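Me: I would like a close look at one part of this model, the enclosed space inside it, and at how its surroundings are built. Please treat it as one connected account.

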Amino acid sequence: MVCLAQTPFYFITARCVRRAFLCGQDHVSGKCYEHRRGWIEARLRALSSLFTIEVCAYAIMSNHYHLVVRLNSDDASRWSTDEVLNRWTSLFRGSLLIQRYLAGESLSAAELQTVDDTVSVYRQRLTSLSWFMKCLNEPIARRANAEDQCTGHFWEARFHSRALISNA
């Protein structure tokens, strides 16, 4: 549960399944998975530039990772329609209507209203910890499964989060 009224800071963990390696050296098989650390670091950089979520600290271990993030949901309210759409379409293709809007095509009033409604949804998603984690974990899982030549779950669970509340 996320409650910005209490704190904007959260501690996040995600763990691999089936003795899968996230990074490091598997001494049983002799395989090195250290290159996957770069996958996660690059993805964190990309996502933190698109979402209103700041990565304060991270640690990538052999079968799990830790993140400390700060949620800045107010930032999204200052974004223009085009900025929201450009951020979202950096991650996802967007509907045909959104593609037409971004291409500068003339749209009817009803279509423009649909664009505005869609922007509201995207704006909310770009502030969401759940969407951030989905956009982080899913591509890593797909790449790792392809590399490991297997299918199925790569992550043990969705992710775990805990509020970091200061008593100071």
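What volume does the largest cavity have? Which residues line the largest cavity?

Reply: The model is predicted, so to speak only of what it supports, local features need pLDDT of at least 70 and side-chain atom pairs pLDDT 80 or more, while totals for chains, interfaces and linings use all residues. Residues are numbered from 1 along each chain as its sequence is written, and side-chain values use heavy atoms, with hydrogens and water left out.

The largest cavity has a volume of about 40 Å³. The structure holds one cavity of 30 Å³ or more (on a 1 Å grid over the protein atoms alone, points where a 1.4 Å probe fits but cannot get out; lining residues have an atom within 4 Å of a point; points join across faces, edges and corners, and volume is the space filled by probe spheres set on them). Its lining consists of Thr 13, Ala 14 and Arg 15, together with Glu 156, Ala 157, Arg 158, Phe 159 and His 160. Strand S1 (residues 9–15) gives the largest share of this lining, three residues. By class, the lining of the largest cavity comprises three nonpolar, two polar and three charged residues (Ala, Val, Leu, Ile, Met, Phe, Trp, Tyr, Cys and Pro count as nonpolar, Asp, Glu, Lys and Arg as charged, the others, Gly among them, as polar).

Arg 158 lines the largest cavity and is also listed at the largest pocket. That pocket has a volume of about 300 Å³ (an open set with protein on both sides within 12 Å along at least five of seven lines). Of its 15 lining residues, Asn 137, Glu 138, Ala 141, Trp 155 and Arg 158 are the closest to its centre. The pocket lining divides into six nonpolar, five polar and four charged residues.

Asn 137, Glu 138 and Ala 141 fall within helix H5 (residues 129–148), which leads to the wider fold. The protein comprises five helices and four strands (DSSP runs numbered from the N terminus: H or I, at least four residues, and E, at least two). From the N terminus on, their order is β-α-β-β-α-α-α-α-β. The C-alpha atoms fill a box of roughly 60 × 45 × 20 Å along the principal axes.

Helix H5 packs against helix H1 (residues 35–50), with axes that come within 10 Å and cross at roughly 155 degrees (axes are lines fitted to C-alpha atoms, over the stretch in contact; angles run from 0 to 180 degrees between N-to-C directions). In this contact (heavy atoms within 4.5 Å), His 35, Arg 36, Trp 39, Ile 40, Arg 43, Leu 44, Leu 47 and Ser 48 of H1 meet Phe 132, Cys 135, Leu 136, Pro 139, Ile 140, Arg 143, Ala 144, Glu 147 and Asp 148 of H5. The residues involved are ten nonpolar, two polar and five charged.

Helix H1 also packs with helix H2 (residues 81–91), at about 155 degrees and with the axes 10 Å apart. Here Arg 43, Leu 47, Ser 49 and Leu 50 of H1 meet Arg 87, Ser 90 and Leu 91 of H2; three of the residues are nonpolar, two polar and two charged.

Helix H2 in turn meets helix H4 (residues 109–125), where the axes come within 9 Å and cross at roughly 60 degrees. Thr 81, Val 84, Leu 85 and Trp 88 of H2 make this contact with Val 115, Asp 116, Val 119, Tyr 122, Arg 123 and Arg 125 of H4. Six of these residues are nonpolar, one is polar and three are charged.
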